[in-house]
Amino acid sequence: MSKLSLYYNIRAVKGGASIKKIIVAEYAGFCFGVKRAVDIALKDSKNKKGSSYSLGPLIHNADVVAYLESQGIYQIDIEELDKLSEKDKIVIRSHGVGPDTIKRIKSLGPEIIDATCPYVASIHRKVEKYHSKGYQIIIVGDKDHPEVEGINGWCDNKAWVTKDGEDLRNLSEKVCIVAQTTERQESFDQVVKRATELGADIMAFNTICSATKERQDSAEHVSKQVDFMIVIGGKNSSNSRKLYSICKSNCPNTIFIENGKELKKHILELQEVDSIGVTAGASTPNWIIEDVLKILEAC
Ligand code: SF4
């Protein structure tokens, strides 16, 4: 199998008088952890005694959240936890949470269904271990992202959260560096470099998830080949936004849509191009990708 066919899934379709090429990134859509969380929620949250909730949107995709609601799984925010009763069930999403949140939910009595991605749970264990050994924890990521907030909880919320290391000062002698699973490799490398320059004794764990890298690499390859690029993902999905920024830097004609309905506004632009690339963030289900492809094939 050629390298090209490993990377690309190419569909050639008739587009009016011209032939258009549609290239779908090989790695696009639901990752293992998100699919697992949705499967766990749908399987284990049936609740005849009380209500079922997810702590925050189970995934960053409005269409999937609406589907989960149709199945009786409602979103509840952390500020609303006091509404829970012993009869309820609550799903912890793939982003995970800190130990204080788990303790608080336990004190309220509902059944906890833990759908934390195993890769994120492994970061929690590392951070807890090295924090207890006196290491200063550095998280490479977005400080307001729920995954980062959850990781920070495992070191008493004392981590230094940085995007590029430029803000690092007066580090402890020993530091432990981890990354948000959706972070870019360059950011992680930059932070390790900066911490090294500051003379710290470093224990660095590259915790960037391969699902993220695979999606970013295949988006990079596809967006270099096409006239027009479509990134499908939730507007609040950080991994989808990162795919958008990668694609946009290679292909100025890149759009970011949540679903097929949003694509319809771009139909005229699509008819002007010969090749179209498609990728999707880790929280985009296959049925939304297929819907977009059907619209493209009908162009
Ligand atoms: S991106 Fe990776 S770490 Fe994050 S949920 Fe998906 S599989 Fe888990």
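**Exercise 1. G234 and its surroundings**

Decide whether G234 is buried or exposed, then place it in the chain.

Step 1. G234 has a relative accessible area of 1%, so it is buried. The cut-offs are under 20% for buried and over 50% for exposed, with partly exposed in between (1.4 Å probe, protein chains only).

Step 2. The model is predicted: local features need pLDDT of at least 70 and side-chain atom pairs count only at pLDDT 80 or more, while totals for chains, interfaces and linings use all residues. Residues are numbered from 1 along each chain as its sequence is written, and side-chain values use heavy atoms, with hydrogens and water left out.

Step 3. G234 sits in the loop between strand 11 and helix 9 (238-250). Helices (H or I, at least four residues) and strands (E, at least two) are DSSP runs, numbered from the N terminus.

Step 4. From G234 to E147 the C-alpha distance is 16 Å, and the two are 87 residues apart in sequence.

**Exercise 2. Strand 13**

Find how many residues of strand 13 are buried, and which strand it pairs with.

Step 1. Strand 13 covers residues 275-280, and six of its six residues are buried.

Step 2. Sort these residues by face. S275, G277 and T279 lie on one side, I276, V278 and A280 on the other, and both faces are covered.

Step 3. Look for a partner; strands pair if DSSP finds at least two bridges between them. Strand 11 (residues 228-232) meets this with five bridges to strand 13, in the parallel sense. Within this pairing, I230 is opposite V278.

**Exercise 3. Strand 3 and its two partners**

Describe the faces of strand 3, its pairing with strands 4 and 5, and the handedness of the crossover to strand 4.

Step 1. S52 and S54 point one way from strand 3, Y53 and L55 point the other way, and all are buried.

Step 2. Strand 3 runs parallel to strand 4, joined by four bridges. L55 faces I76 of strand 4 in this pairing.

Step 3. Between these strands the chain passes through helix 3, and the β-α-β crossover is right-handed. The test is that, with the strands pointing away from the viewer, the path from the first strand over the helix to the second runs clockwise.

Step 4. Strand 5 (residues 89-92) is also parallel to strand 3, with three bridges. Here S52 stands opposite K89.

**Exercise 4. The largest cavity**

Give the volume of the largest cavity and identify its lining.

Step 1. Fix the term. On a 1 Å grid over the protein atoms alone, a cavity is a set of points where a 1.4 Å probe fits but cannot get out, and lining residues have an atom within 4 Å of a point. Points are joined across faces, edges and corners, and the volume is the space filled by probe spheres set on them.

Step 2. The whole structure holds one cavity of 30 Å³ or more. The largest cavity contains about 40 Å³ of space.

Step 3. Its lining consists of S54, P57, L58, V65, L68, I73, Y74 and Q75. Helix 3 (62-70) and strand 4 (73-76) each supply at least two of these residues, and strand 4 gives the most, with three.

Step 4. By class, six lining residues are nonpolar, two are polar and none is charged. Ala, Val, Leu, Ile, Met, Phe, Trp, Tyr, Cys and Pro count as nonpolar, Asp, Glu, Lys and Arg as charged, and the others, Gly among them, as polar.

**Exercise 5. The ligand shell**

List the residues around the ligand and sort them by class.

Step 1. The criterion is a heavy atom of the residue within 4 Å of the molecule. The residues found are C31, G33, C117, Y119, T181, C209 and T212.

Step 2. Four are nonpolar, three are polar and none is charged.

**Exercise 6. Three loop residues**

Place H60, N157 and N170 in their loops and state what is computed for each.

Step 1. H60 lies in the loop between strand 3 (52-55) and helix 3. With a relative accessible area of 16%, H60 is buried. The C-alpha atoms of H60 and S283 are 6.1 Å apart, although 223 residues separate them along the chain.

Step 2. N157 belongs to the loop between helix 6 (146-153) and strand 8 (160-162). Its phi is near 60 degrees, a positive value in a residue other than glycine.

Step 3. N170 is in the loop between strand 8 and strand 9. Its phi is positive too, at about 40 degrees. N170 is exposed, because its relative accessible area is 77%.

Definitions and conventions:
On a 1 Å grid over the protein atoms alone, a cavity is a set of points where a 1.4 Å probe fits but cannot get out, and a pocket is an open set with protein on both sides within 12 Å along at least five of seven lines; lining residues have an atom within 4 Å of a point.
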